[in-house]
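Q: Please examine one part of this model closely, and then relate that part to other features of the chain. A formal account for a reader new to the structure would be welcome.

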Amino acid sequence: SYLVGLFHIAAFMSEAGICDRFRNHYALEQDKEKLLAHAAGALFCTGITVALFFLATGAFDSSHTRIEERIAAYFLIGAAVPIANSNRLRITLLHVRGNHQAATRLVVQKSLLFLGCIWLLSFLGQPSILIGAFLIAVVYLRLVLIKHVKIPRFFHASFFATALTTVRNSLRHLFSGEAFNIIFHADLFLLGLFVTSTELGVYGEAALFARLFLLIPVALRPVMHHHFARLVSTADIRAFSGSLLTLRAYLFYVHALLALFLINYFDDTLHLVLGFYGSEKVSYDLFTLMLPGFLFYAAAIVNESAMEASGNAPFLSQLSAIFITINVFFCFYLIPFAGNTGAAFSSLVCLLVYFFTLDMVKITISCSPMTPEFLAAGATVYLLNALLVQLELPVFIFVLIVPPLLYLIFYLLNFFDFGDYNTGDDPHTPV
């Protein structure tokens with residue numbers, strides 16, 4: 001878990017917002033091939049820099065935590081990061097061209113290969129070597145992507161100067177896009193500095209369900225960004241506002257149902273996915289502590305996509321950076337004496353405050369804050385869960401009764417009442 005967190009943090013930081021800037025500028029750029037070549041060249045430079053860093057510092061990195069590690073694991077991370085970043089640029093290109101199905105199919109294939117490699121490498125009995133599954137998966141994806149996506153040549157006389165300029169311009173987009181996913185990996189990384197492998201594994205079990213919980217909105221993010229960008233380019237402001245409010249409300253409703261299901265049937269789900277190893281109760285407590293934050297963040301992803309598409313990515317990046325920094329400081333303060341619970345509480349607070357901060361930002365004039373409605377919806381989910389815990393309904397009764405009941409309550413609370421959309425406002429309204 002510690003090494004996985006380290007790998008994702010290294011890949012995210014070395015990517016330097018280049019892919020997010022490429023995605024946000026692609027539709028407006030006249031010379032798209034030049035934009036693509038500059039992004040590829042900049043990623044090449046940052047990736048090689050990170051690879052050399054891990055190769056040079058592997059011996060030191062493997063000696064400063066309480067987790068058993070191997071120098072080879074850091075070498076594997078250094079080799080995988082530049083390939084992973086190059087793959088992300090190619091996947092981003094498929095998305096901005098509207099080839100969402102092809103991009104998703106390739107990512108799913110890579111993920112299945114990764115899981116298979118994890119299973120095979122586990123027989124070696126060396127946990128730190130499991131990170132090699134990342135390298136195998138990203139190499140496979142790179143070989144497949146070569147057939148689907150062609151990158152123009154980016155080596156030229158002023159290559160390094162152009163790459164440096166691209167990185168400098170892209171840093172404003174570093175914490176936009178999927179930046180808040182870094183919270184999960186930051187928690188694992190920081191916990192690895194203070195807790196034992198067993199405690200870290202317990203937190204990893206709860207984090208696994210968090211990632212599965214957010215699978216739908218994360219998978220829909222590029223599709224929503226493409227949709228909002230198209231509406232901005234056609235100046236269809238009414239549809240822009242309507243899509244933002246509708247998608248956010250219904251994603252919250254769907255994930256409220258998912259949260260209720262996981263809370264009431266957590267043990268059965270955990271047994272289905274992981275089996276029982278004696279740590280289920282602790283993982284359950286951590287997951288339920290973080291779950292309200294994940295529920296609201298599922299809706300916040302819609303705001304993030306709309307803000308990026310409407311030209312507000314630099315502001316979103318600054319806002320995300322502030323909350324990620326706050327989460328890191330909270331973790332450093334809480335983990336030494338509160339352990340896993342401290343990390344979970346820090347993530348909960350940051351995700352909740354982040355959502356309501358985004359909700360107060362008016363992307364368009366007609367998109368008014370819905371803070372009272374979301375607070376009422378959150379309270380409804382809490383009270384309904386308290387009732388379901390007492391009733392202990394069978395799964396099929398839950399499926400028959402709870403979805404229409406929750407929808408009816410949300411409807412009575414005017415949660416799905418978005419009002420009239422102003423057709424004269426501007427989606428480029430400064431934030």
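A: A residue is called exposed when its relative accessible area is over 50%, buried when that area is under 20%, and partly exposed in between. The model is a predicted one.

With these cut-offs, Glu392 counts as exposed because its relative accessibility is 65%. Glu392 belongs to the loop that runs between helix H15 (371-391) and helix H16 (395-412). Its phi is near 50°, a positive value in a residue other than glycine. Most residues other than glycine have a negative phi. Asn414 also has a positive phi without being glycine, here near 60°. Asn414 is placed in the segment after H16, and with a relative accessible area of 45% it is partly exposed.

The part chosen for the close look is helix H2. This helix covers residues 18-26, and eight of its nine residues are buried, so the rest of the structure largely encloses it. The buried residues are Ile18, Cys19, Asp20, Arg21, Phe22, Arg23, Asn24 and Tyr26. Two of the charged residues in this list, Asp20 and Arg23, can be followed outward through their salt bridges.

Asp20 is buried, since its relative accessibility is 1%. A salt bridge joins Asp20 to Arg88, with the closest N and O atoms 3.2 Å apart. This pair connects distant parts of the chain, as Asp20 is in helix H2 and Arg88 in helix H4, 68 residues apart. Arg88 itself is partly exposed, at a relative accessible area of 23%.

Arg23 is buried as well, with a relative accessible area of 12%. Its salt-bridge partner is Glu308, and the closest N and O atoms of the two are 2.6 Å apart. Because Glu308 lies in helix H13 (residues 280-309) while Arg23 lies in helix H2, this pair ties together parts that are 285 residues apart in sequence. Glu308 is buried too, at 3% relative accessibility.

Helix H13 also holds Glu304, which forms a salt bridge with Arg221. The closest N and O atoms of Glu304 and Arg221 are 2.9 Å apart. Since Arg221 lies in helix H10 (residues 215-233), the pair ties together parts that are 83 residues apart in sequence. Glu304 and Arg221 are both buried. Elsewhere, salt bridges with shared partners join Glu15, Asp20, Arg23, Arg88 and Glu308 into one network. The count of salt bridges comes to six.

Helix H4, which holds Arg88, leads on to a feature of the surface. Phe44, Ile48, Leu52, Leu55, Ile71, Phe75 and Phe155 make a nonpolar surface patch of about 640 Å². Helix H3 (32-61) and helix H4 (71-96) are the elements that each give two or more residues to the patch. The largest share, four residues, comes from H3. Leu52 has its place in H3, and at 53% relative accessibility it counts as exposed. Asp20 in helix H2, by contrast, is buried at 1%.

Definitions and conventions
Residues numbered from 1 in each chain as written. Predicted model: local features only at pLDDT ≥ 70, side-chain atom pairs only at ≥ 80, totals over all residues. Heavy atoms only, no water. Patch = residues over 30% accessible without salt bridge, like charges linked within 9 Å, V, L, I, M, F, W, Y side chains within 5 Å. Areas by Shrake-Rupley, 256 points an atom, 1.4 Å probe, with all protein chains shown as cover. Salt bridge = Lys/Arg side-chain N within 4 Å of Asp/Glu carboxyl O. Buried < 20%, exposed > 50% of the residue type's maximum accessible area, 1.4 Å probe, protein only.
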